[in-house]
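Me: I should like to take a close look at a single part of a protein chain and then see how that part fits into the whole. Please give one connected explanation, suitable for a first-year student.

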Amino acid sequence: VMAMRFVNALTIITAALQDPPTLKVLTETYGFQHMDLEVTIPRVVTFREALVELLAEELGTRFTPMARDGWATLMNYMGGAFVYIRVKYAE
């Protein structure tokens, strides 16, 4: 169930990449949904690297350097927003 939710979220996020206002709303929504977790910069880095390595392993040569940079940038954007939301809005 959790894996399906995760893949569904990634699908929604990647579909919103061509629409920055929608991506921003999605990022904020997911950020607030993750406020109960201790999202920190080191954890974002760990998560980003794990996801990028998984994609690289699964896609092989189809996972180009541009794709790697794109996924890393997206995870940095979202992770940074999650950290900001947690710091700014946590009680």
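In which helix is the place of Leu51?

Reply: Leu51 has its place in helix α3. Please bear in mind that the structure shown is a predicted model.

Let us begin with the residue itself. The relative accessible area of Leu51 is 7%. A residue counts as buried when this value is under 20%, so Leu51 is buried. Its surroundings can be described by the residues that Leu51 touches, leaving out those up to four places away in sequence: these are Phe6, Leu10, Trp71 and Met75. A distance to the beginning of the chain may be added here. Val1 and Leu51 are 50 residues apart in sequence, and their C-alpha atoms lie 18 Å apart in space.

Helix α3 itself covers residues 41-59, and Arg48 also has its place there. The relative accessibility of Arg48 is 15%, so this residue too counts as buried. Once residues up to four places away in sequence are set aside, Arg48 touches Ala72, Met75 and Asn76. Met75 thus appears in the list for Arg48 and also in the list for Leu51. With Asn76 there is a further link, since the side chains of Arg48 and Asn76 are joined by a polar contact of 2.7 Å.

A second helix offers a useful comparison. Helix α2 comprises residues 20-33, and Thr27 has its place in this helix. The relative accessible area of Thr27 is 2%, and Thr27 is therefore buried. The side chain of Thr27 reaches the backbone oxygen of Leu23 at a distance of 2.8 Å. Beyond its neighbours within four places in sequence, Thr27 is in contact with Tyr77, Met78, Ala81, Phe82 and Ile85.

Other residues of helix α2 are not buried. Thr29, which also has its place in helix α2, is partly exposed at 37% relative accessibility. Lys24, likewise found in helix α2, is partly exposed with a relative accessible area of 46%. Two distances help to place these residues in space. Lys24 and Leu74 are separated by 50 residues in sequence, while their C-alpha atoms are 11 Å apart. Thr29 and Met66 are 37 residues apart along the chain, and the distance between their C-alpha atoms is 27 Å.

We may now turn to the whole chain. The chain contains four helices and zero strands, and its elements run α-α-α-α from the N terminus on. The radius of gyration is 13 Å, close to the 12 Å that the globule rule gives for 91 residues, so the chain is as compact as a globular protein of that length. Along the principal axes, the C-alpha atoms fill a box of roughly 45 × 30 × 25 Å.

The individual residues can be set against the totals for the chain. Of its 91 residues, 30% count as buried, and Leu51 is one example. Among contacts with a separation of 6 or more, 69% are between residues 24 or more positions apart. The accessible surface of the chain comes to about 6600 Å², and carbon and sulfur atoms account for 63% of that surface. Finally, the chain has 8 positive and 10 negative charges, and the mean positions of these two groups are 3 Å apart.

Terms used. Residues numbered from 1 in each chain as written. Predicted model: local features only at pLDDT ≥ 70, side-chain atom pairs only at ≥ 80, totals over all residues. Heavy atoms only, no water. Helix = DSSP H or I, 4+ residues; strand = E, 2+ residues; numbered from the N terminus. Rg over C-alpha atoms; globule rule 2.2 N^0.38 Å. Buried < 20%, exposed > 50% of the residue type's maximum accessible area, 1.4 Å probe, protein only. Contact = heavy atoms within 4.5 Å. Areas by Shrake-Rupley, 256 points an atom, 1.4 Å probe, with all protein chains shown as cover. Lys, Arg positive; Asp, Glu negative; His and termini not counted. Charge placed at Lys NZ, Arg CZ, Asp CG, Glu CD. Polar contact = N/O pair within 3.5 Å; in protein donor to acceptor, adjacent residues only side chain to side chain.
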